[in-house]
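Work through the exercises below with the sequence and the model open. Each task is followed by a solution in steps.

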Amino acid sequence: MSVTDEVLRANETYARNFEFGQLPLPPARKLAVLACMDARLVPSQILGLKAGDAHVIRNAGGIVTEDALRSFILSHQLLGTQEFIIINHTDCGMLTFKDEDLRAKLIQQTGSSPVAPVAFHAFRDLEENVRQQIQKIKSHPWLPKSISVRGFIYDVKTGRLKEALEARAASLRQS
Ligand code: ZN
């Protein structure tokens, strides 16, 4: 049995006891979360969220890409979310390579140089990466200043979230 078959079987059990059929479309807790796709990081579990509570946007790295921005804008403007959380994590696969190296390798392996994806968004500094993602949201003209935007690093060894300090606070701390 393939894993796909296994999860379909699990879904049959899930649907038999389903109790969320009456939930409204807008997230009840007006929260949107962007998190890395890492398999060890399960946003609903680490944040205590239930079905219907929050939007969860995921991609490799928890990067505010064009597509994540699209989701955040729809989340706020059409579905009323007021707080955004960005979650990166320790031991992230995005820390293990460089965009240009992977691109060169794939072009060499396949003989093909497609236009998409434009970037893989690998990075070297977790806190700095989180700060950059926060800035991309805060500087977008379709996302008002009233939205709370905070970023965190999830420790895959302890299950704990640590807030990524603002660049200014971090530089003050170092001086
Ligand atoms: Zn990751």
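**Exercise 1. Strand E1**

Task: Determine whether E1 is enclosed or open, and find which strands pair with E1.

Solution. This is a predicted model, and every step is read from that model.

Step 1. Count the buried residues. Six of the six residues of E1 are buried, so E1 is largely enclosed by the rest of the structure.

Step 2. Separate the two faces. In a regular strand, side chains point alternately to one face of the sheet and to the other. Leu 31, Val 33 and Ala 35 lie on one side of E1, with Ala 32, Leu 34 and Cys 36 on the other, and both sides are covered.

Step 3. Identify the strand partners. E1 pairs with strand E2 (residues 54-59) in the parallel sense, over six bridges. E1 also runs parallel to E3, joined by five bridges.

Step 4. Assign sample bridges. Leu 34 has Ile 57 of E2 as its bridge partner, while Val 33 has Ile 85 of E3.

**Exercise 2. The nonpolar core**

Task: Describe the largest nonpolar core and say which elements supply it.

Solution.

Step 1. Give its extent. The core has 34 residues, and those with the most contacts inside it are Phe 72, Phe 84, Ile 137 and Leu 143.

Step 2. List the contributors. At least two core residues come from each of strand E1 (31-36), helix H3 (66-77), strand E3 (83-89), helix H5 (126-138) and strand E4 (148-154). E1 gives the most, with six residues.

Step 3. Inspect one core residue. Setting aside neighbours within four places in sequence, Ile 137 is in contact with Val 64, Phe 72, Phe 84, Ile 86, Leu 143 and Val 149.

**Exercise 3. The zinc ion**

Task: Which residues are the protein donors of the zinc ion? Classify each as buried or exposed.

Solution.

Step 1. Name the donor atoms. They are SG of Cys 36, NE2 of His 89 and SG of Cys 92, at 2.0 to 2.3 Å from the zinc ion.

Step 2. Write the spacing. Along the sequence the donor residues follow C-x52-H-x2-C.

Step 3. Apply the cut-off. Buried means under 20% relative accessible area. Cys 36 has 3%, so Cys 36 is buried. His 89 has 0% and therefore counts as buried. Cys 92, at 3%, is buried too.

Step 4. Check for disulfides. The structure holds zero of them.

**Exercise 4. Unusual backbone geometry**

Task: Where are the positive phi angles of Lys 30 and Asp 91 and the cis peptide bond of Pro 117 placed?

Solution.

Step 1. Take Lys 30. Its phi is positive, about 50 degrees, although Lys 30 is not a glycine. Lys 30 sits in the loop between helix H1 (3-16) and E1. With 44% relative accessibility, Lys 30 counts as partly exposed.

Step 2. Take Asp 91. Its phi is also positive, near 60 degrees, in a residue other than glycine. Asp 91 belongs to the loop between E3 and H4 and, at 53% relative accessibility, counts as exposed.

Step 3. Take Pro 117. A cis peptide bond, with omega about 0 degrees, joins Ala 116 and Pro 117. Pro 117 is placed in the loop between H4 and H5.

**Exercise 5. Aromatic rings**

Task: How many aromatic pairs does the structure hold, and what is the geometry of the pair formed by Phe 18 and Phe 20?

Solution.

Step 1. Count the pairs. There are four aromatic pairs.

Step 2. Read the geometry. Phe 18 and Phe 20 are 5.9 Å apart, centre to centre, with 80 degrees between the planes, and the pair is edge-to-face.

Step 3. Extend the group. Ring pairs link Tyr 14, Phe 18 and Phe 20 into a cluster.

Step 4. Add accessibility. Phe 18 is partly exposed at 45%, and Phe 20 is partly exposed at 31%.

**Exercise 6. The whole chain**

Task: Summarise the protein chain by its elements, burial and contacts.

Solution.

Step 1. Count the elements. The protein chain has six helices and five strands, in the order α-β-α-β-α-β-α-α-β-β-α.

Step 2. State the burial. Of its 175 residues, 31% count as buried.

Step 3. State the contact range. Among contacts between residues at least 6 apart in sequence, 68% join residues at least 24 apart.

Technical notes: Residues numbered from 1 in each chain as written. Predicted model: local features only at pLDDT ≥ 70, side-chain atom pairs only at ≥ 80, totals over all residues. Heavy atoms only, no water. Donors = N, O, S within 2.8 Å, 3.2 Å for Na, K, Ca; no water. Buried < 20%, exposed > 50% of the residue type's maximum accessible area, 1.4 Å probe, protein only. Core = buried A, V, L, I, M, F, W, Y, C linked by side-chain atoms within 4.5 Å. Helix = DSSP H or I, 4+ residues; strand = E, 2+ residues; numbered from the N terminus. Contact = heavy atoms within 4.5 Å. Phe/Tyr/Trp six-rings, centres within 6.5 Å; stacked < 30°, edge-to-face > 60°. Pairing = 2+ DSSP bridges. Disulfide = S-S within 2.5 Å.
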